[in-house]
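Biologist: I'd like to learn how to read a model like this one, feature by feature. Can you walk me through it?

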Amino acid sequence: MRYLKEYRRNTYTTLLISGKLNTYLADIDKQAQERMERLTAQMKRAQGITEQLKAENALEWVQRINNIQACAKEIVEKEIIFA
């Protein structure tokens, strides 16, 4: 919503006046969550991050998962949130 208010003022106003703002935001949130889950799973598979790694080297596993989540978040923001 903050992004719409600051950078897409006309869209924000139109959605607000029409009463569709909350529905729009909920839909965007759902799309973003689903895309984030898919990207994270794909990146974990591609990088070979497994439960075995988690058991053997938890610190490395956490670092790699955090990196994947940060990358996925950037992609989701670019593709869905700020599109």
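Modeller: Sure, and let's begin with the element names: helices (H or I, at least four residues) and strands (E, at least two) are DSSP runs, numbered from the N terminus. Residues are numbered from 1 along each chain as its sequence is written, and side-chain values use heavy atoms, with hydrogens and water left out. This is a predicted model, so local features need pLDDT of at least 70 and side-chain atom pairs count only at pLDDT 80 or more, while totals for chains, interfaces and linings use all residues.

Biologist: Let's try pockets. How much space lies in the largest pocket?

Modeller: The general idea first: on a 1 Å grid over the protein atoms alone, a pocket is an open set of points with protein on both sides within 12 Å along at least five of seven lines, whereas a cavity is a set of points where a 1.4 Å probe fits but cannot get out; lining residues have an atom within 4 Å of a point. Grid points are joined across faces, edges and corners, and the volume is the space filled by probe spheres set on the points. Here the largest pocket holds about 360 Å³. It has 16 lining residues, and Met1, Tyr3, Leu25, Ile28 and Ile81 are the closest to its centre.

Biologist: Which elements give two or more residues to that lining?

Modeller: Helix H1 (2–7), H3 and H5 do. The largest share, five residues, comes from H1.

Biologist: And what does the lining look like by class?

Modeller: For the classes, Ala, Val, Leu, Ile, Met, Phe, Trp, Tyr, Cys and Pro count as nonpolar, Asp, Glu, Lys and Arg as charged, and the others, Gly among them, as polar. In the largest pocket that gives 11 nonpolar, one polar and four charged lining residues.

Biologist: Next, rings. How many aromatic pairs are there?

Modeller: Rings of Phe, Tyr and Trp (its six-membered ring) pair if their centres lie within 6.5 Å; planes under 30 degrees apart count as stacked, over 60 as edge-to-face and the rest as tilted. By that rule, the count is two aromatic pairs. In one, the ring centres of tyrosine 3 and tyrosine 7 are 5.3 Å apart with planes at 35°, so the pair is tilted. Both tyrosine 3 and tyrosine 7 sit in helix H1, four residues apart, or about one turn of the helix.

Biologist: Which other ring goes with tyrosine 3?

Modeller: Phenylalanine 82: its ring centre is 4.7 Å from that of tyrosine 3 and the planes are at 55°, so this pair is tilted. Tyrosine 3 is in helix H1 and phenylalanine 82 in the segment after H5, so the pair ties together parts that are 79 residues apart in sequence. Tyr3, Tyr7 and Phe82 make up one aromatic cluster.

Biologist: Is tyrosine 7 buried or exposed?

Modeller: Buried means under 20% relative accessible area, exposed over 50%, and partly exposed in between (1.4 Å probe, protein chains only). Tyrosine 7 has a relative accessible area of 58%, so it is exposed. Phenylalanine 82, at 38%, is partly exposed.

Biologist: On to charges. How many salt bridges does a search of the whole structure find?

Modeller: Side chains of opposite charge can pair when their charged atoms come close. The rule used is a side-chain nitrogen of Lys or Arg within 4 Å of a carboxyl oxygen of Asp or Glu. The search turns up two salt bridges. Arginine 35 and glutamate 79 form one, with their closest N and O atoms 2.9 Å apart. That pair links distant parts of the chain, since arginine 35 is in helix H3 and glutamate 79 in helix H5 (residues 58–81), 44 residues apart. Glutamate 79 is partly exposed, at 41% relative accessibility.

Biologist: Where do arginine 64 and glutamate 60 lie?

Modeller: Both are in helix H5, four residues apart, about one turn of the helix. Their side chains meet in a salt bridge (3.2 Å, N to O). Arginine 64 is partly exposed at 26% relative accessibility, and glutamate 60 is partly exposed at 29%.

Biologist: Last topic, contacts. What does isoleucine 80 touch?

Modeller: Contact means heavy atoms within 4.5 Å. Leaving aside neighbours within four places in sequence, isoleucine 80 is in contact with Ile28, Gln31, Ala32 and Arg35. Isoleucine 80 belongs to helix H5 and is buried, with a relative accessible area of 16%. Its C-alpha atom is 7.5 Å from that of glutamine 31, although the two are 49 residues apart along the chain.

Biologist: And which residues does threonine 40 touch?

Modeller: Ile68 and Ala72, not counting residues up to four places away in sequence. Threonine 40 is in helix H3 (residues 21–47), and it counts as buried at 16% relative accessibility.
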